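Hello,

Here is the structure to look at, with the sequence alongside. Below it are the points that came out of the analysis.

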Amino acid sequence: AVGNSQGEVSVWSVLDEERLQLFKAARGSVNCLAFSSDDRRLASGGTDGNLAIWDWQAPIAVANCRGSTYDVYAVAFSPDGMTLASGGRDHGHLWDVATGRSLLHLHTGDFVTGLAFSPDGRRLACSSLGGSGEGGVYVWELVENRGIQTLRGLDTQVVQLWFSEDGKSLAALSQNWRIAVWKLASDVPPSPCRLLHVFDAPRGVAAL
């Protein structure tokens with residue numbers, strides 16, 4: 001994927017050397033791009049804090065992340081595709097991919113140049129030029145499962161929930177007829193909660 005100063009994004013097939021998609025992503029320049037691990041989502045960051053998550057094949061913006069004050073210079077998806085990290089001028093951020101909601105502000109220093117999650121998603125590394133402050137490389141430990149946990153993956157209100165018979169999985173139906181299935185966290189053996197599937201349900205009169 002390639003962005004330009006006119007706010008356009010081109011997606012190319014490396015093997016065939018063919019352009020698969022061209023769409024307008026921003027009114028200003030596109031500074032950074034990142035694919036999710038399943039290649040279904042593409043995040044774009046640009047001038048004036050513009051940050052969006054795209055279904056690039058459609059192409060439509062599935063979430064707009066609002067809250068960055070200045071240019072966004074780096075974006076990265078977590079390995080499970082549930083969280084997006086962004087950085088640029090001022091603070092860095094963690095975002096919910098499904099809704100675009102801000103999850104956490106990070107004190108990254110100014111002029112962030114790169115972001116990367118560890119393969120297990122439990123650490124986030126950030127490089128910064130510092131600007132008028134201190135630059136360098138920062139690493140955060142991202143701790144989950146403290147107290148009540150939020151299960152992410154649906155972008156509208158949930159109307160129904162179902163546990164599996166063994167209690168190890170949970171399914172939820174949202175108002176826009178989407179169903180998510182999560183594998184719940186386990187202490188023996190230790191394993192985090194993770195989203196397994198999100199798919200469209202047959203539409204009826206009302207999701208109840």
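**What was found**

Strand β16, made of residues 169–174, pairs with strand β17, residues 178–183, in the antiparallel sense, and five bridges join them. In this pair L173 faces I179, which belongs to β17. Please keep in mind that the model is predicted.

These two strands belong to an open sheet of four, in the order β15-β16-β17-β20, with antiparallel pairing. At its edges are β15 (158–163) and β20 (194–200), each of which pairs on one side only. From one strand to the next, the twist in this sheet averages 20°.

As background, the strands of a sheet pair through backbone hydrogen bonds, either parallel or antiparallel.

There is also an open sheet of four strands with the order β4-β5-β6-β7, where the pairing is again antiparallel. Its edge strands are β4 (30–35) and β7 (60–64); each has a single partner strand, so one side of each is left without a neighbour in the sheet. Here the twist averages 30° from one strand to the next. The partner of β4 in this order is β5 (residues 41–46), and the two pair in the antiparallel sense over five bridges. Within that pairing, V30 stands opposite G46 of β5.

Next, the nonpolar core. Which residues of the largest nonpolar core touch the most other members? They are L51, I53, V75, F77 and L84, out of 13 residues in this core. Two or more residues come from each of β4, β6 (51–55) and β8 (72–77). The strand that gives the most is β8, with three residues. Strand β4 therefore appears twice in this account: as an edge of its sheet, with one side left without a neighbour there, and as a contributor to the core.

Last, a pocket. The second largest pocket has a volume of about 240 Å³. Its lining consists of 13 residues, and those nearest its centre are R27, T47, D48, G49 and N50. How does the lining divide into nonpolar, polar and charged residues? Four are nonpolar, six are polar and three are charged.

If you open the model, the β16 and β17 pair is a convenient place to begin, with L173 opposite I179 as a marker. From there you can go on to the sheet that starts its order with β4, then to the core with L51 and I53 among its members, and then to the pocket with R27 and D48 in its lining.

Regards

Technical notes
Residues numbered from 1 in each chain as written. Predicted model: local features only at pLDDT ≥ 70, side-chain atom pairs only at ≥ 80, totals over all residues. Heavy atoms only, no water. Pairing = 2+ DSSP bridges. Axes fitted to C-alpha atoms, helices over the stretch in contact; angles between N-to-C directions. 1 Å grid on protein atoms, 1.4 Å probe; cavity = no way out; pocket = protein on both sides within 12 Å on 5 of 7 lines; lining within 4 Å. Points joined across faces, edges and corners; volume = space filled by probe spheres on them. Nonpolar A, V, L, I, M, F, W, Y, C, P; charged D, E, K, R; others polar. Core = buried A, V, L, I, M, F, W, Y, C linked by side-chain atoms within 4.5 Å. Buried < 20%, exposed > 50% of the residue type's maximum accessible area, 1.4 Å probe, protein only.
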